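Reader: I am new to this structure and would be grateful for a close look at one part of it. Please describe how its aromatic rings are arranged.

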Amino acid sequence: MTIPYPTTQTVPAFPEVEVPSGASRPRLAFLGTGYLGATYAICFAELGYEVLGFDVDEAKIAKLSAGQVPFHEPGLDELLRGNLASGRLRFTTSYEQVADFADVHFICVGTPQRGDGMGADLAYVETSVTNLARHLKRRALIVGKSTVPVGTAEWVEQLVAKHTDPELGVEVAWSPEFLQEGFAVEDVLRPNRIVVGVKTEWSNGMLYAAHKGVFDLAATEDREVPLVVTDFATAELVKVAANAFLATKISFINAMAEVCEVAGGDVTQLAKAIGYDPRIGNRFLQAGVGFGGGCLPKDIRAFQARAQELGAGEALRFLHEVDLINQRRRTRVLQLAAELLGRRSGPAGPDLSGTRIAVLGAAFKPNSDDVRDAPALAVAATLAKAGADVRVYDPQGMENARAVQPGLAYETSMADAVAGAELVCVLTEWAEFRNADPQALAEVVAGRRVIDGRNCLDPALWARAGWQYRGMGRPTPAL
């Protein structure tokens, strides 16, 4: 039976559905155990579900099975070990095991930017859905969680129809994820909303049953979790629309930083003032070197590409400027470095040869080891290309940074990175960097110059310690 759209509920109440495996609650599989799939698998096991995580990467599965999370996310290691010990959580590289085990299969594979354009590469989605569908022998629900172009769910339905017996009644649904790296455990266990795109009462009921642990936890904590039940297209658009909005908000305040730099204003005060307006809010109004990571940059580009394919490219033309503003903030660090070091810029940019620069930060945000499209690492590489001797330190992202930028020099501590440096660039706002003592650092550097690429330092405090301070869209404090 087709269900009505749209509905929003804070106290979901669905009739119980028959679980195909015969278990008391649906058994869950998460296909793809990268950041998204592994986090969801571990957290749903913590909610009491029987969970199987799948990946074709044998090394990754072996690591997870041994109780080691292959990326940094606060609190996840302990949950992994506890749920492995309980027996609720297992990992496999076998599609056959996944098909035999689960009632609800969440597709959590990557959708990277295509090498030949801005659109999303759906090869991993196609491979996982096709191989799973071929092994299914009973009714099941396949649920997309990966961020995809609108229209993907309908295409996945066609793949399922092509590779399964229609008598099985396998269905498809879509439920986007909204994880924030560094806060992902809370985002899974205590989400601010759940969105599901479904076509039938059965798939709606199965998805509710698969999330009942989330609703039950909310009830015990006297919270509500809004549930938005909608169609495929809307569910797919929710995630990319949210990311496009956040990217636009970040680039807006960075555009204001550009204006402040030439007008003599202070973007931090500007952001505070407009953030008091409840229609605007103060979140994501932190000017700096811009956004990065594995989601926002690729997602806004894929959104533009898909809109163009659908004939609505004009509607998202502004996202091109959002992207350009974001890239310009990285270049601004190079310009500030040249100014502070007294190097003139020629047609090919400044020559920083013979200088030593410490870059504090490699991950795209604190509490993460994710260096995908990280502004900090991109700026470090640009400084090195300009001839500087760059020394990088990050509390968690060093291993990944080395893999992406092997030509850079890496240090094992902040003290080692800044020792002998003529310029210090703070490019990821780790607490270790925010709380650093400028007087102590002044004793080991070769030059007291600092670029605050995240506007996370106290300019007056650093100036009093004798540092030449440059922020992003902030006035220069008096020494």
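**Aromatic rings and their partners**

Author: The model is a predicted one. Arg139 is positioned over the face of Trp202, 3.8 Å from the ring centre. A second arginine, Arg193, has its charged end over the ring of Phe178, at 3.6 Å from the centre of that ring.

Rings also pair with one another, and the count of aromatic pairs comes to 11. One of them joins Phe30 and Tyr40, whose centres are 6.3 Å apart with 25° between the planes. This pair is stacked, because planes under 30 degrees apart count as such. The two partners come from distant parts of the chain: Phe30 belongs to strand β2 (residues 28–31) and Tyr40 to helix α1 (residues 35–46), with their positions 10 residues apart in the numbering. Phe30 is buried, its relative accessible area being 0%. Tyr40 has a relative accessibility of 8%, and it counts as buried because the limit is under 20%.

Phe30 also pairs with Phe44, and here the ring centres are 5.9 Å apart. The planes of Phe30 and Phe44 stand at 50°, so this pair is tilted. It too links distant parts of the chain, with Phe30 in strand β2 and Phe44 in helix α1, 14 residues apart. Both Phe30 and Phe44 are buried.

These contacts belong to a wider group: ring pairs connect Phe30, Tyr40, Phe44, Tyr49 and Phe106 into a cluster.

Note on methods
Residues are numbered from 1 along each chain as its sequence is written. This is a predicted model: local features need pLDDT of at least 70, side-chain atom pairs count only at pLDDT 80 or more; totals for chains, interfaces and linings use all residues. Side-chain values use heavy atoms; hydrogens and water are left out. Rings of Phe, Tyr and Trp (its six-membered ring) pair if their centres lie within 6.5 Å; planes under 30 degrees apart count as stacked, over 60 as edge-to-face and the rest as tilted. Helices (H or I, at least four residues) and strands (E, at least two) are DSSP runs, numbered from the N terminus. Buried means under 20% relative accessible area, exposed over 50%, partly exposed in between (1.4 Å probe, protein chains only). A charge sits over a ring if NZ of Lys or CZ of Arg is within 6 Å of the ring centre and within 35 degrees of the ring normal.
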